[in-house]
Amino acid sequence: MNINELPDTERARFNMVEQQVRPWSVRDEKVLQALFDVPRERFVPPHLQALAFSDLELPLVIDGVDTRETMLSPKVEAKLAQELLLEPTDCVLEIGTGSGYQAALLSRLAQQITSIELESRLAAFAQTNLQRNHIDNVKLETGDAHAGWGTAEFDAILITGSVPSVPDALKYQLAIGGRLVAVVGRSPVMTACRITRTSAAGFETIGLFDTFIKPLRGTAKSRFKF
C-alpha cells in the first residue's frame, strides 16, 4: 500500500495507528483493525475534527458548552481496549462514555457494550455519534456508575477516568474470569491495572503501564470506603 496515494483523512488515520498506537505496544490485530474501521473523526466535536488523529486529549466542548471532560488520546484508548483481553462473545460495562468513541472501538471487539455516562449532554452527543455510525450493539444509559451499575455481571469492565482505587462493588460485577481495567492513583502517579476475578471472592491485580488521565467524575463524592 502506498500511503501517499490515500486520501488525507485515511493517511492521517494510518499514521495515527502506525506512529502513535503500534509503538505504544498495541499489537492486537483486532484492536488495530478497529482503529481503522471506526471513524474517529466522526466522534470528536466538529470544530476539532482537524485534530482527530493527533496524539492529544481533546476537550469535549459540545455546542459551545465545555463539559470539562476530554476524549482520551488514541494510543491510550487503544491500549485500554487491548488490555481488556476481549472475546467476541463478551458483554462489557464501560463507565464514562464521553464522545462514544471508546464504546465504538469496544463494539468491534465484543458482543454487547453497556456504557454509562454521568453528564446528560455528553450522553446525548455520544448517542448521536453511535447512531449515525450505525453501531447497534452499544446500550447507552445516563447515571453515576463509579461504584457499580445494576446487578448484572460482566465479562469485562472499563473505567475511562482515573479512580483513587477500585470499589469492591465494581469488582463483584465481574463474572468469574472477568477483567476490569482502570487507571488507579492520584496525580501525578497513576497506573493502569487489570483486575481479574479468579473465584467467587478472589481477585488478581496486575499493573500494566503508567499514565495520567482525568479523574472519573463522581469519585470525589463516593460514599464507599476504599
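**A mixed sheet and its packing**

Strand β3 (residues 91-95) is largely enclosed by the rest of the structure, because 4 of its 5 residues are buried (under 20% relative accessible area, with over 50% being exposed and anything in between partly exposed; 1.4 Å probe, protein chains only). Strands here are DSSP runs of E with at least two residues, and helices are runs of H or I with at least four, both numbered from the N terminus. The model is a predicted one, in which local features need pLDDT of at least 70 and side-chain atom pairs count only at pLDDT 80 or more, while totals for chains, interfaces and linings use all residues. Residues are numbered from 1 along each chain as its sequence is written, and side-chain values use heavy atoms, leaving out hydrogens and water.

As for its neighbours, β3 runs parallel to β4, with 5 bridges joining the two (strands pair if DSSP finds at least two bridges between them). On β6, 4 bridges make the link, again in parallel. E94 takes part in both pairings: it stands opposite S115 in β4, and its bridge partner in β6 is L158. Together with helix α4 (residues 101-107), β3 and β4 make a right-handed β-α-β unit; right-handed means that, with the strands pointing away from the viewer, the path from the first strand over the helix to the second runs clockwise.

Zooming out, 7 strands form an open, mixed sheet in the order β5-β4-β3-β6-β7-β8-β9. β5 (138-142) and β9 (203-210) sit at the edges with a single partner strand each, so one side of each lacks a neighbour in the sheet. Neighbouring strands are turned by 15° against each other on average, direction ignored (axes are lines fitted to C-alpha atoms, for helices over the stretch in contact, and angles run from 0 to 180 degrees between N-to-C directions). Over at the β9 edge, β8 (residues 189-197) runs antiparallel to β9 through 7 bridges, and C193 has G207 of β9 as its bridge partner.

Helix α3 (residues 74-83) packs on the sheet and touches β6 (154-159), β7 (174-186), β8 and β9, its direction making about 155° with that of β9; contact means heavy atoms within 4.5 Å. Helix α5 (residues 120-132) lies across β4 (112-117) and β5, at about 165° to β5.

The largest nonpolar core (buried Ala, Val, Leu, Ile, Met, Phe, Trp, Tyr and Cys residues joined through side-chain atoms within 4.5 Å) has 50 residues, with L35, F43, L80, L86 and L106 making the most contacts inside it. Among the residues that F43 touches are M71, Y101, F125 and I135. A second, separate core of 15 residues includes I95, A145, F154 and V166.

Technical notes:
Lists of a residue's contacts leave out its neighbours within four places in sequence.
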